[in-house]
Amino acid sequence: YKSAFQEKILPMATKKFDLVIFGATSFVGQILTEYLFSHIGLSRKIKWAIAGRSEAKLNELRSSLGEGAAKLPIIVADSMDQPALEDMCKKSRVIVSTVGPYVLYGETLVKVCAENGNDYCDLTGEAYWIKQMILKYEKTAKKSGARIVNCCGFDSIPSDLGNHFLQREGKKQFGKYFNQVRLRVKAMKGGASGGTIASMAEMIVAAKADPQVRREMANPYILCPEKHSYSIKQTSVKGPTYDSDFGSWSAPFIMEAINARVVLRSNTLRRMAFGKDFSYGEAMLTGAGNGGRIKAIALTAGLAAFAGSMILDPIRNLMNKFVLPKPGEGPSLQDQLNGFFDIELMGKNDKGDKLTVKVTGDRDPGYGCTAKMLAQAGLCLAFDLDKEDKAGGFWTPSTAMGDLLIDRLNNHAGMSFTLLD
């Protein structure tokens, strides 16, 4: 990775820090901190700090980076301690948060950032929680100028920026945007962390306990404004399905539950640029022929079994105790290095024009790649996006940062966005 590159200094430079990594000792937070230190080091040009609730763990993390990190500042703050969070935010321009499940630990920091005008990004995939934050704090964020950008990890940057890239290229070639986009995961290798499993479990438990939450979580337009103008019913792959466009069998992709909602919100934030009939869906390709069909059946059954185990309290408790990774645990460094993802997005318009783009990442998608995506999103907010360029409010990755973030990910994060035809 390139290191110690020149950054544009923007207003709010009187803040002590350009960037604070909150939750630096979490599983993803540690990967992010290590990547950021190797990427930018410590210099007067970029002032950053790590933050969390345990001073001992923060010191341990800093020591693990080597002697060159001895002067990396540490901020002690608990996610429930509003005064401590306010003090942290007063010192920083941008807050990058890895503290999940966000439905349990995320709200106070979002509230403080919205009130103090801090830019903020995270890696949540909890759509219902995001909706609640928008309802509670968007007016405050617009007034203060705070740019709040959720979902800056594997969910949902490849999907949201991939669609942005596809639509940009389609507009160039055909003079209009695509009103139908399908994302397909061609190949992916990676593991799950305890934090991600905990977030999924919290969403399932909340949906089980409250019918209103279940209805909201099933709504593909949950993140869109109430008067969103969409004129169609969204569809998704719910079982083994042959995909003629890609010449392969396909199965449900678990991340569609958040990714599609983010992409649909992006269209509303663009004033329905892709059309009121814009449709978007995701799936995993399993191959052609009987082998692909059998894999699609097996994958669908596996996802159903996992969801069922999370719904039933006794089974979920046993899974958490004996099978699933605990919070703070996750794939090994070797597994992260050996991981990758290979995704294609195909767009079609009502004239029959068609285009496909590829999005790839060189590390475990949920952790190695996610950490780099989130770090670059924070740097993009801090150095590439003037307050006059983008107003305060709740944005998606593509509507907040778009091409600026794509350039960063291509140049510094081992990702690629490429046109196939």
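Leaving aside neighbours within four places in sequence, E169 is in contact with L355 and L419, where contact means heavy atoms within 4.5 Å. I open with this residue and shall return to it. Good morning, colleagues.

A word on the basis of the work. The model is predicted: local features need pLDDT of at least 70, side-chain atom pairs count only at pLDDT 80 or more, and totals for chains, interfaces and linings use all residues. Residues are numbered from 1 along each chain as its sequence is written, and side-chain values use heavy atoms, with hydrogens and water left out.

First, the overall composition. The protein chain holds 16 helices and 14 strands; these are DSSP runs, helices being H or I of at least four residues and strands E of at least two, numbered from the N terminus. Of its 421 residues, 54% count as buried. Buried here means under 20% relative accessible area, exposed means over 50%, and partly exposed lies in between, with a 1.4 Å probe and protein chains only. Among contacts between residues at least 6 apart in sequence, 79% join residues at least 24 apart. The chain exposes about 17800 Å², and carbon and sulfur atoms supply 54% of that area. Accessible areas come from the Shrake-Rupley method with a 1.4 Å probe; for residues, only the protein chains shown count as cover.

I turn to the sheets. Strands of a sheet pair through backbone hydrogen bonds, either parallel or antiparallel. For our purposes, two strands pair if DSSP finds at least two bridges between them.

One open sheet has seven strands in the order β3-β2-β1-β4-β5-β6-β13, with parallel pairing. Its edge strands are β3 (74-76) and β13 (393-395), each of which pairs on one side only. Neighbouring strands are turned by 20 degrees against each other on average, direction ignored; axes are lines fitted to C-alpha atoms, for helices over the stretch in contact, and angles run from 0 to 180 degrees between N-to-C directions. Towards the β13 edge, strand β6 (residues 147-149) is joined to β13 by three bridges, and V149 stands opposite W395.

Another open sheet, also of seven strands, follows the order β8-β9-β10-β7-β11-β12-β14, and here the pairing is mixed. β8 (241-243) and β14 (415-419) stand at the edges with a single partner strand each, so one side of each is left without a neighbour in the sheet. The twist averages 30 degrees from one strand to the next.

Which strands flank β7 in this order? They are β10 and β11. Strand β7 (residues 180-189) runs parallel to β10 (residues 279-287), with six bridges between them, and Q180 faces S279. With β11, β7 pairs in the antiparallel sense over nine bridges; there R182 stands opposite M346. At the β8 edge, β8 and β9 (residues 248-251) are antiparallel over three bridges, Y242 being opposite W249.

Now back to E169. This residue belongs to helix α7 (residues 157-174) and counts as buried, at 11% relative accessibility. Helix α7 lies across β7, β10, β11, β12 and β14, running at about 145 degrees to β12.

That brings me to charged pairs. Side chains of opposite charge can pair when their charged atoms come close. The whole structure contains 19 salt bridges, each defined as a side-chain nitrogen of Lys or Arg within 4 Å of a carboxyl oxygen of Asp or Glu.

Where do the partners D342 and K358 lie? D342 is in strand β11 (residues 340-348) and K358 in strand β12 (residues 354-361), so their pair ties together parts 16 residues apart in sequence. Their closest N and O atoms are 2.8 Å apart, and both residues are buried.

D362 takes part in two of these bridges. With R363, the closest N and O atoms are 3.4 Å apart; R363 is partly exposed at 22% relative accessibility, and D362 likewise at 27%. With K372, the N to O distance is 2.7 Å. This pair links distant parts of the chain, K372 being in helix α14 (residues 365-383) and D362 in the loop between β12 and α14, ten residues apart. K372 is buried, with a relative accessible area of 2%. Elsewhere, salt bridges that share partners join R168, E169, K172 and D403 into one network.

Thank you for your attention.
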